[in-house]
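Trainee: I'm new to this one and would like a close look at a single part. Could you pick one residue and walk me outward from there?

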Amino acid sequence: MPGPELSRVVLVRYGEVGLKGSNRAWFERTLAGNLRRALRHVGPCHVEDLHGRLLVRPEALATDAGLDAMSSAAARVFGVVGAVAAWETPLDIEAIREAARALVRAALASSQGGPLAFKVSARRSNRRFPMDSMEINRDVGADLLRLLGARLQVDVHRPALTVHVEVRDEAAYVYGNEQAGPGGLPIGVSGRALALVSGGIDSPVASWMAMKRGLYVDAVHFHAMPFTSEQARLKVLRLVSILAGWQGRMRVFVSRFTEVQKAIYANCPADLGVLLMRRMMVRIATRLAERHRYDALVTGENLGQVASQTVPSMAVVEAVSGRIVLRPLLAWDKSEIVDVARRIGTYETSIEPYEDCCTLFVARHPQTRPRFDRVEEAESKLDVDGLVDQALEQTEVVEASDAVGVHGGGLAGR
């Protein structure tokens, strides 16, 4: 086994953050802070800047399981491209060999039998180290084959295990295959947004995509009990909890929408019903955004997916808001949305068969090219301000737990 001079750490790789020019230090500090918060459930650790990477150093002697848990938690932080447990060694080729042996022995112990296809991939940024990258590849690869060759097979094209060696100024790092992270930007660098979340597939994915671009996201959900069930409301809270597992925590405003819907469908043309309902939702969300200082609204709208999601309809809906309305899924195919929903863990909950208020009272022939004057004439029959005030008074605030998913693995299927 490696000697006591070798340390165990987690290497965290980021992508787009490294392209931020003069603002890069601020992005890196934000990412490091988010990383510390994500890892607080796993164990005490320090996060260090490694010039192009972040290094997580456990405060106590870490087990393989503990390091894997840290890697998994790090791989769920936005801005992170990959995370992996690594050996930190002195700048000495024998110490590097020793760490590579430990890495390969662990991989063999967990393999299903048969030869393990591997390759060595070295990168030397420290030009004072006496061997270049190719020489390190040959040396470490030959050492592994000499000691463990009966169970190893070199495959430089499709290896099951890549033994990475990074030689830096202060130390070298040896590690295997990394866990893929979500990429994107650190939460918080793009401001704050309020997402309109239903129980469907799209809006949770849209919220996640907004988080991925650096927005801190909270949610507002509209329910229409007794037309909708308590199970439908709890389903949305579970969806928000899953999203909170990616962000750390999340607040959801749960707004009673029943009186608004009853007023619309008692007084307005049926073909404008969904459109008027969405205008009222956006009005309520905008008031919450003004009150709680959100910079933008986020919706799961997708161009052409349903009758209310045409360009004229979206223009009529967003006209009632003083906030920018972001639609991360606007040009996606449904299959792409479903793929992301599966990867982030919301799909199975989204398809539970509980109706939400968006599916109630849908007209047989909804308006797809609404005229502003006709919409405003229809709304003139409503006490718009009174209904909005009433809905806001009947809004409760729920702090979503981040217990779901925080300790789970990285993105599946990436």
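Mentor: Let's start with Ser207, which counts as buried because its relative accessibility is 0%. For that label, buried means under 20% relative accessible area, exposed means over 50%, and partly exposed falls in between, using a 1.4 Å probe and protein chains only. A word on the ground rules: this is a predicted model, so local features need pLDDT of at least 70 and side-chain atom pairs count only at pLDDT 80 or more, while totals for chains, interfaces and linings use all residues. Residues are numbered from 1 along each chain as its sequence is written, and side-chain values use heavy atoms, with hydrogens and water left out.

Now, where is Ser207? You'll find Ser207 in helix α5, residues 202-212. Helices (H or I, at least four residues) and strands (E, at least two) are DSSP runs, numbered from the N terminus. The Ser207 side chain reaches the backbone oxygen of Ser203 at 2.9 Å. Leaving aside residues up to four places away in sequence, Ser207 touches Ala195, Val197, Val217, Leu243 and Val298; touching, or contact, means heavy atoms within 4.5 Å.

One of those neighbours, Val217, takes us to the largest nonpolar core. A nonpolar core is a set of buried Ala, Val, Leu, Ile, Met, Phe, Trp, Tyr and Cys residues joined through side-chain atoms within 4.5 Å. This one has 35 residues, and Val205, Trp208, Met211, Val217, Val240 and Met250 touch the most other members. Helix α5 is among the elements giving two or more residues to this core, and so are β10 (192-196), β11 (216-223), α6 (230-247), β12 (250-256), β13 (296-298) and α10 (334-344). Apart from this core lies another, of 34 residues, including Phe253, Met280, Ala285 and Leu297. Back at Val240, the contacts are Ala219, Met250, Val252 and Ala400, again not counting residues up to four places away in sequence.

For a contrast, take a look at charged pairs. The structure holds 30 salt bridges, each being a side-chain nitrogen of Lys or Arg within 4 Å of a carboxyl oxygen of Asp or Glu. In one of them, Asp143 pairs with Arg146, with the closest N and O atoms 2.8 Å apart. Both lie in helix α4, three residues apart, about one turn of the helix. Asp143 is buried, at 2% relative accessible area, whereas Arg146 counts as exposed, at 59%. The two also belong to a network of salt bridges that links them with Glu94, Arg97, Arg101 and Asp139.

How values were computed: Polar contact = N/O pair within 3.5 Å; in protein donor to acceptor, adjacent residues only side chain to side chain.
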